[in-house]
Every structure is written in structure tokens, then in C-alpha cells.
Amino acid sequence: MKEVLRFVGALLLILAGAGSGMAVYSHKYSCWRQLYTFSRFLQYLEETLTYQALTGTQLLRRAERYPEFARIGLARCRELTDVPLPASMPEPLRQEVRSNLEQLAFESRTSACSTLQRMARLCEDAAAEKQSEASAARKLWPRLGACLGVFAAILLW
């Protein structure tokens, strides 16, 4: 009976380690998803503004209709400067996007479109970095967690 309990305990340690590794991957994936969604949001604004002369508030109301963009938190926004930036966004990029969003109100339509396009490209690049981190985390962390679980089980045996 004692050996069965030890075996079950060891199995639980291994599963807990692997689960912890999956939690790390899940966090990295969530960071990528936030940046990817935000870059798509900026692309949508740029494409809409290219074909229709709309104010920032009108752009936000149109984007709010899409469930993908509603998750960003557009319902509370009145202007483009109120758009919440993803928490996973690197600080230099965050500052640049924030200043560009503030500047959009004073730009012409064509320059606003090019600014939105440039911001979308920057966010896409940051999202690509996060995607590669998530891909590496998917391969590494669950295995590493399981190995740590095996190590703990060996130590406690």
C-alpha cells in the first residue's frame, strides 16, 4: 500500500510540473494573442479610414461591432486616445503607439492612414516575437516542468 501511495504521489508531482509548464505556455500565448489582436485592430482602423472619412469616435464604434475587437475594451472608449493598450506590449512600443494615437486627431486623413499602417506593422513585428516565444515555450516548459516533477519525486522517494 505504501508503494502505491508513493507511486501516486510521484505521478501527481510529474503532472503538477507539466501543468505548471503548460501555464507558462498559456501566458506566452495570451501575450501573443493580445498583440496580434491589437495589430489587427489598427489595420482595421487604417482600412476603414482609407475608404471613409470618419472621426475617431466613429471608427471606434464601427470596430466595437466585432467581437474580436470588443475584447480590447472599446466600449469604454470615447476617443482613440482612450484605447487600452495590451499589457504585453513592450514599453518603448507602448509609448510610441500612445503618442501616435494622440497625434492622429491633428493629422490629415492620408497621413493618419500611414501612421496607423506603420503602427500596425510595429505591432505585427512585436506579435511575431511573442509568437516565437510562445512556440518555444510550448516545446520547452511542459517538458521541463515534467522533468522537475520527476526530480522532485526522486528526491522524495
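Okay, a quick definition to start: when I say helix, I mean a DSSP run of H or I, at least four residues, numbered from the N terminus. With that in hand, Leu-12 is found in helix 1. And a word of caution before I go on: what you have up there is a predicted model.

So, staying with Leu-12 for a second. Its relative accessible area is 54%, and since exposed means over 50%, Leu-12 is exposed. Leu-12 also belongs to a nonpolar surface patch of about 710 Å², and its partners there are Val-4, Phe-7, Val-8, Leu-11, Leu-15 and Trp-157.

Arg-6 lies in helix 1 too. How does Arg-6 count at 30% relative accessibility: buried, partly exposed or exposed? Partly exposed. If you want a feel for the distances here, take Arg-6 and Met-89: they're 83 residues apart in sequence, and C-alpha to C-alpha they're 44 Å apart in space.

Right, let's go inside. Generally speaking, in soluble globular proteins nonpolar side chains tend to be buried together. Here, the largest nonpolar core has 32 residues, and the ones with the most contacts inside it are Phe-38, Phe-41, Leu-42, Leu-74 and Val-97. Which elements give two or more residues to this core? That would be helix 1, running 2–51, helix 2 at 56–64, helix 4 at 91–103, and helix 5 at 109–156.

Let me zoom in on Leu-74. If you skip the neighbours within four places in sequence, Leu-74 is in contact with Phe-41, Leu-60, Arg-61, Ala-63, Glu-64, Phe-69 and Val-83. Phe-41 you've just heard about, as it's on that list of core residues with the most contacts.

Now, cysteines. How many disulfides does a search of the whole structure find? Zero. Take Cys-77: the nearest cysteine sulfur is that of Cys-123, and it's 15 Å away, so with a cut-off of 2.5 Å Cys-77 is in no disulfide. Cys-77 is buried, by the way, with a relative accessible area of 2%.

And why is Cys-123 unbonded? Because the closest cysteine sulfur, in Cys-31, is 14 Å from its own, which is too far for a bond. Cys-123 is buried as well, at 0% relative accessible area.

Last stop, Ser-39, which lies in helix 1. Ser-39 has a relative accessible area of 2%, so it counts as buried. Leaving out residues up to four places away in sequence, Ser-39 touches Ala-120, Cys-123 and Glu-124. So there's our Cys-123 again, with Ser-39 touching it.

That's my tour, over to you.

Notes:
Residues numbered from 1 in each chain as written. Predicted model: local features only at pLDDT ≥ 70, side-chain atom pairs only at ≥ 80, totals over all residues. Heavy atoms only, no water. Core = buried A, V, L, I, M, F, W, Y, C linked by side-chain atoms within 4.5 Å. Buried < 20%, exposed > 50% of the residue type's maximum accessible area, 1.4 Å probe, protein only. Contact = heavy atoms within 4.5 Å. Patch = residues over 30% accessible without salt bridge, like charges linked within 9 Å, V, L, I, M, F, W, Y side chains within 5 Å. Areas by Shrake-Rupley, 256 points an atom, 1.4 Å probe, with all protein chains shown as cover. Salt bridge = Lys/Arg side-chain N within 4 Å of Asp/Glu carboxyl O.
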